[in-house]
Amino acid sequence: MPAKRWAAPALLALSLPLLAPLTVLTPPAAAAASSSVTDSGARGAEASAVPLEEINATTTQVAFGLRRPTAIAAPDDGTNRLLIIEKRGTVRVYHPDTGLESTPIIDIRASVDESGNERGLLGIALAPDFAESQDLYLAYTALPDGAVTLARYELDTANLEPLLSQEHAEHSNHNGGQLAFGTDGNLYMSIGDGGGSGDPFDTGQRLDTLLGKILRVDVSRSCGDLAYCVPEDNPFVGVEGAREEIWMYGGRNPWRFSIDHADGSMWIGDVGQGRWEEINHVKRGQQAGANLGWSCYEGLEVFDEAQCRSDAEYTEPVFTYSPYTGGCAVIGGQVYRGQEFADLVGGTYIATDYCSNTVWALREDGSGGYTPAELGQMPTQVTAFGATPEGEFYVVNDLPGGLHRVSFERAEPTCRIEQTTRTWGGGMTVDLTITNTGTTPISGWTLRFSLTRGQTIISDWNTDLTQGGDLVTAANADHNGSIAPGQSVTMGYLASHTGNASLPSRYSLNRDACAVEP
């Protein structure tokens, strides 16, 4: 489970808690995931053109009584059921017609070490031929020592067969545990950096350990003494001293990643140390041997210069946010490829945060960048996303333990922001006009926006403004707290910059996304 940075009755344990485009210690030439795209993966591949600020995410709770659920799997076998794993070592079945079954379909509690807040049954992936084979794969921390373990489970026989194990005894946090099959038929798995604070074993940048990595293995067969095979095109095959199972490295705790079967790209939510949560989007052809940066980098900032190398390239995250948003641990999600909401969020990546519950949306802008937005709120303490074979979203949350169906709706923004600026040398002034485009008066407002790195606010006017990291929170002054429908108020600030005087690209007023005038 992702490490959080302050105490609460929660799944996440307490952790303390730009470079040119970042890539890798140059490995042998290697291919990325297969270029084949399944029919189901291609479903809903057309991207929506609806502006993100006009979309709201909503959830409906459909099941109660789960015990600290950590992941969802959806068999493509015509049963319409969901399999939901629980931290203690059980798997429950949910069906939309009959609800949540009380008796687990799988119970491996005798093999699972659930001591500590982040140990337990962590991940599940169904074999590509699950409908016939009834085989699935589980990631868990194993008794007696908490080793992060990959195992095959035969549903027909209830046989659990460990395949791979990584020692993880010193700390109970940062286990990773995401499992997913790629378009190439190989199984991908994440393992955290070994826990503790600040990568104490320097595992992120080491290639002789599976800690802090995303692995790629072929579980359809065995090779020699291994219960699986290492694909020949893995990037570190034949590299002396390197673990050949490694596909990517430099992860801190990549708790949840997903593979977009429409294009083979990988989206990775990597939980931060204390300053930045990050999301990486690594395209096909750029994945093999990609270095995600930890612990040289946390987000886009140098974290530990001793772990940085002049001969390394690093894969830059496409989105970061600071805990000043109220967040504490990014929960990586998926790209929406369903049909029901394709006109709104088709081709859009959706994620959240365990503490802030913010729904983050990312959409490629066609120019090599990404458009981010906040689409509302998830339930408290979401731990994982799942999608049906048709591509519709569900989430599970930790405490009190529920399953929720995710929906999207279109709603016109209730606010509009106009920006004017004047820049010079290392300074800039920004004037903002905030217009109430809704139908009800606003009595008291708080505007939130993120600054470009290197910008620091020196003074402000017509507002009570604070800056924490990159996040600015601007509240109304005594004289401008009321905004009638169709009316506006103005505010502004003076800031220094280190060369980039770009204006904020997104604003939220009382947590509702605002349209931004170009």
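Visitor: Start with Cys308: how buried or exposed is it, in relative accessibility?

Guide: Cys308 counts as partly exposed, at 26% relative accessibility. Buried means under 20% relative accessible area, exposed means over 50%, and partly exposed lies in between, with a 1.4 Å probe and protein chains only.

Visitor: What sort of model is this?

Guide: A predicted one: local features need pLDDT of at least 70 and side-chain atom pairs count only at pLDDT 80 or more, while totals for chains, interfaces and linings use all residues. Residues are numbered from 1 along each chain as its sequence is written, and side-chain values use heavy atoms, with hydrogens and water left out.

Visitor: Back to that cysteine. Which residue does a disulfide join to Cys308?

Guide: Cys296, with an S to S distance of 1.9 Å. A disulfide here is a pair of cysteine sulfur atoms within 2.5 Å. The link of Cys296 and Cys308 is right-handed, with 95 degrees about the S-S bond. The pair links distant parts of the chain, 12 residues apart: Cys296 is in the loop between strand S18 (290–291) and strand S19 (297–298), and Cys308 is in the loop between strand S20 (301–302) and strand S21 (319–321). Strands are DSSP runs of E, at least two residues, as helices are runs of H or I of at least four, and both are numbered from the N terminus.

Visitor: And Cys296, buried or exposed?

Guide: Buried, with a relative accessible area of 0%.

Visitor: How many disulfides does a search of the whole structure find?

Guide: It finds 4. Counting bonded cysteines along the chain, they follow the pattern 1-2, 3-4, 5-6, 7-8.

Visitor: What does a disulfide join Cys328 to?

Guide: Cys355, at 2.0 Å from S to S. This link is right-handed too, with 75 degrees about the S-S bond of Cys328 and Cys355. Cys328 sits in the loop between S21 and S22 and Cys355 in the loop between S23 and S24, 27 residues apart. Cys328 is buried at 0% relative accessible area, whereas Cys355 counts as partly exposed at 22%.

Visitor: Which hand is the disulfide of Cys415 and Cys514, left or right?

Guide: Left-handed, because the torsion about the S-S bond is about -100 degrees. Cys415 lies in strand S29 (residues 415–424) and Cys514 in the loop between S39 and strand S40 (515–516), 99 residues apart. The S to S distance of Cys415 and Cys514 is 2.0 Å. Cys415 is buried at 1% relative accessibility, and Cys514 is buried at 4%.

Visitor: Change of topic, S23. Why is it described as largely enclosed?

Guide: Strand S23 covers residues 349–353, and 5 of the 5 are buried, so the strand is largely enclosed by the rest of the structure. Tyr349, Ala351 and Asp353 are buried on one side, and Ile350 and Thr352 are buried on the other.

Visitor: What joins strand S22 to S23?

Guide: S22 (residues 330–335) runs antiparallel to S23, with 4 bridges between them. Two strands pair if DSSP finds at least two bridges between them. Ile331 has Thr352 in S23 as its bridge partner. S23 also pairs with strand S24 (residues 358–364) in the antiparallel sense, over 3 bridges. There, Ala351 stands opposite Trp360 in S24.

Visitor: Which residue takes a positive phi in the hairpin of S23 and S24?

Guide: Asn357, near 65 degrees, in a hairpin with 4 residues between the strands. Most residues other than glycine have a negative phi, and most peptide bonds are trans. Asn510 has a positive phi of about 50 degrees, and Arg511 has one near 75 degrees. Asn510 is in the loop between strand S38 (507–509) and strand S39 (512–513), and Arg511 is in the loop between S38 and S39. Asn510 is partly exposed at 38%, as is Arg511 at 37%.

Visitor: Where are the cis peptide bonds of Pro144 and Pro400?

Guide: One joins Leu143 and Pro144, with omega about 10 degrees. Pro144 is in the loop between strand S8 (135–142) and strand S9 (147–154). Another joins Leu399 and Pro400, with omega about 20 degrees. Pro400 is in the loop between strand S27 (393–397) and strand S28 (402–410).

Visitor: Last one: what does the side chain of Gln273 make a polar contact with?

Guide: The side chain of Arg252, at 2.9 Å. A polar contact is a pair of N or O atoms within 3.5 Å; within protein, one must be able to donate a hydrogen and the other to accept it, and residues adjacent in sequence count only if both atoms are side-chain atoms. Gln273 is in the loop between strand S16 (266–270) and strand S17 (277–282) and counts as buried at 7% relative accessibility.
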